[in-house]
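Dear colleague,

I am passing on the structure we spoke about, with the sequence alongside. Please have it open while you read the notes that follow.

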Amino acid sequence: MVTNAGTRSAFAPGRTLRQGAKVLPEHARGHNRSLLLQTLFHQGAMSRADLSRETGLTRVTISDLIAELIADGFVAEMGVREASGPGKPAILVDLDRAGHRIVGLDLSGSDTFIGAVLTLDGDIVARREVPVPAASDLVATVVELARELVADSHAPVLGIGVGTPGVVDDHGVIVTAPNFGWAGFDLEGALRQALGLPVLVANDANAAVLAEYTFGGSAEDVLLVKVGRGVGSGLLAAGQPMRGSRFAAGEIGHVTVGTDGGPQCACGKVGCLEAWLSVPSLSKRLAAASDDDAREGVLRDAGERLGIALAPVVGALDVSEIVLSGPPELLGGSLADQTVETLRARTLAPSADDAVRVRMTEQGQDIVLRGAAVMVLSGQLGVS
């Protein structure tokens, strides 16, 4: 899939844009524009001739696109390359990485909403937090947080990306978010109307996996498990998001793990993964443990439950990497080790070297904010 610049895409296109794909003439310019921006985004400053060779586009097309993108403020000339031989030195062009900012919002916290102003490279330059309000004040609080961040941007805002709990369709409508009392609520439309800027809304775990793919160097077949107040996951296959027919792919938190009962879940069932693994549940069980051995047992038990939930996904989809996002003091170490052991026992790998890899993300608490930035880059520029 190739996303034309300026169209909505809740998720990013693949990192490598296929030059051999057929593109309808009316879409060709948008395709070429996205291809050029994608190349600069990942490879940095290049000459027009370099871009022509890298993208397969003609030099005339490249020159026309560069002129258009300079006029739009997305590309800038960066000076001349140091001469290495006879002839006129080449002028380098690159994304104008300081020319625009992105506002990202993370609504997945149990106590606070976090917002940030980010560069096009995903670096955070300003940050604000507000307490999670009462249900009646949710939208007003989110709008005010976004307005404050736009005022902090000190550059044109390319768009606003939002990662939120709940099932979110491909138009930014919250199908269901029980913690917020939202069902069929057009959050994206409400924010766009209030703020007058492009807005993109997605599930927080789906946003997080985009950040891991674009900024974290993950594989193209990856499942990211996000553990916080709840448990969810985002999944990419061949660099493309898997959404599901009802937009609920990755909702693993309410899968029952084991046949031995377990703790009561907020959804009303017994033994859901979320009831074993969410930060509040896991922290409570650790606090009740009598000694270090008991705490080790709690962590290994949670890791086993996670492995049980993930094994069918790994077996069915052949993902090569699982990334854990959440408190490292809980998810790293014993819990992750036991998850690997359980996956190896419950799935078939061609060899030991081909076993699925399980690791912690290195992006910390900013992963949803950075994923929100990728959503905007994809939707507005066709870049991921």
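Leu51, leaving aside its neighbours within four places in sequence, is in contact with Leu36, Thr39, Leu40, Met46, Gly56, Ile62, Ile66 and Val93. Please keep in mind throughout that this is a predicted model.

Leu51 also belongs to the largest nonpolar core, which has 44 residues, and together with Leu36, Leu158 and Leu377 is among those that touch the most other members. At least two residues of this core are supplied by each of helix H1 (25-43), helix H3 (59-72), strand E3 (91-95), strand E5 (112-118), strand E11 (199-203), helix H6 (204-214), strand E12 (222-227) and H12. The largest share, nine residues, comes from H12. Apart from this core lies another one of 32 residues, including Val227, Ile252, Val319 and Ile322.

H12 also has a part in the open space of the model, since the largest pocket, with a volume of about 1300 Å³, takes two or more of its lining residues from each of E5, E12, strand E13 (231-237), helix H7 (273-277), helix H8 (279-288) and H12. H8 gives the most to this lining, with five residues. In all, 47 residues line the pocket, and those closest to its centre are Ser108, Gly228, Arg229, Gly230 and Val231. By class, the lining of the largest pocket divides into 19 nonpolar, 20 polar and eight charged residues.

As for enclosed space, the count comes to one cavity of 30 Å³ or more, and the space in the largest cavity is about 30 Å³. Its lining is made up of Gly166, Val167, Asn203, Asn206, Ser233, Phe247, Ala248, Ala249 and Glu251, which by class are four nonpolar, four polar and one charged.

One further residue deserves a look while you have the model open. Gln363 is found in the loop between strand E16 (357-360) and helix H12 (367-381). Is Gln363 buried or exposed? Gln363 counts as buried because its relative accessibility is 11%, and the cut-off for that class is under 20%. The side chain of Gln363 makes a polar contact, at 2.9 Å, with the side chain of Arg370. Leaving aside neighbours within four places in sequence, the residues in contact with Gln363 are Ala211, Glu212, Phe215, Gly216 and, again, Arg370.

With best wishes

Key. Residues are numbered from 1 along each chain as its sequence is written. This is a predicted model: local features need pLDDT of at least 70, side-chain atom pairs count only at pLDDT 80 or more; totals for chains, interfaces and linings use all residues. Side-chain values use heavy atoms; hydrogens and water are left out. On a 1 Å grid over the protein atoms alone, a cavity is a set of points where a 1.4 Å probe fits but cannot get out, and a pocket is an open set with protein on both sides within 12 Å along at least five of seven lines; lining residues have an atom within 4 Å of a point. Grid points are joined across faces, edges and corners, and a volume is the space filled by probe spheres set on the points. Ala, Val, Leu, Ile, Met, Phe, Trp, Tyr, Cys and Pro count as nonpolar, Asp, Glu, Lys and Arg as charged, and the others, Gly among them, as polar. Helices (H or I, at least four residues) and strands (E, at least two) are DSSP runs, numbered from the N terminus. Buried means under 20% relative accessible area, exposed over 50%, partly exposed in between (1.4 Å probe, protein chains only). A polar contact is a pair of N or O atoms within 3.5 Å; within protein, one must be able to donate a hydrogen and the other to accept it, and residues adjacent in sequence count only if both atoms are side-chain atoms. Contact means heavy atoms within 4.5 Å. A nonpolar core is a set of buried Ala, Val, Leu, Ile, Met, Phe, Trp, Tyr and Cys residues joined through side-chain atoms within 4.5 Å.
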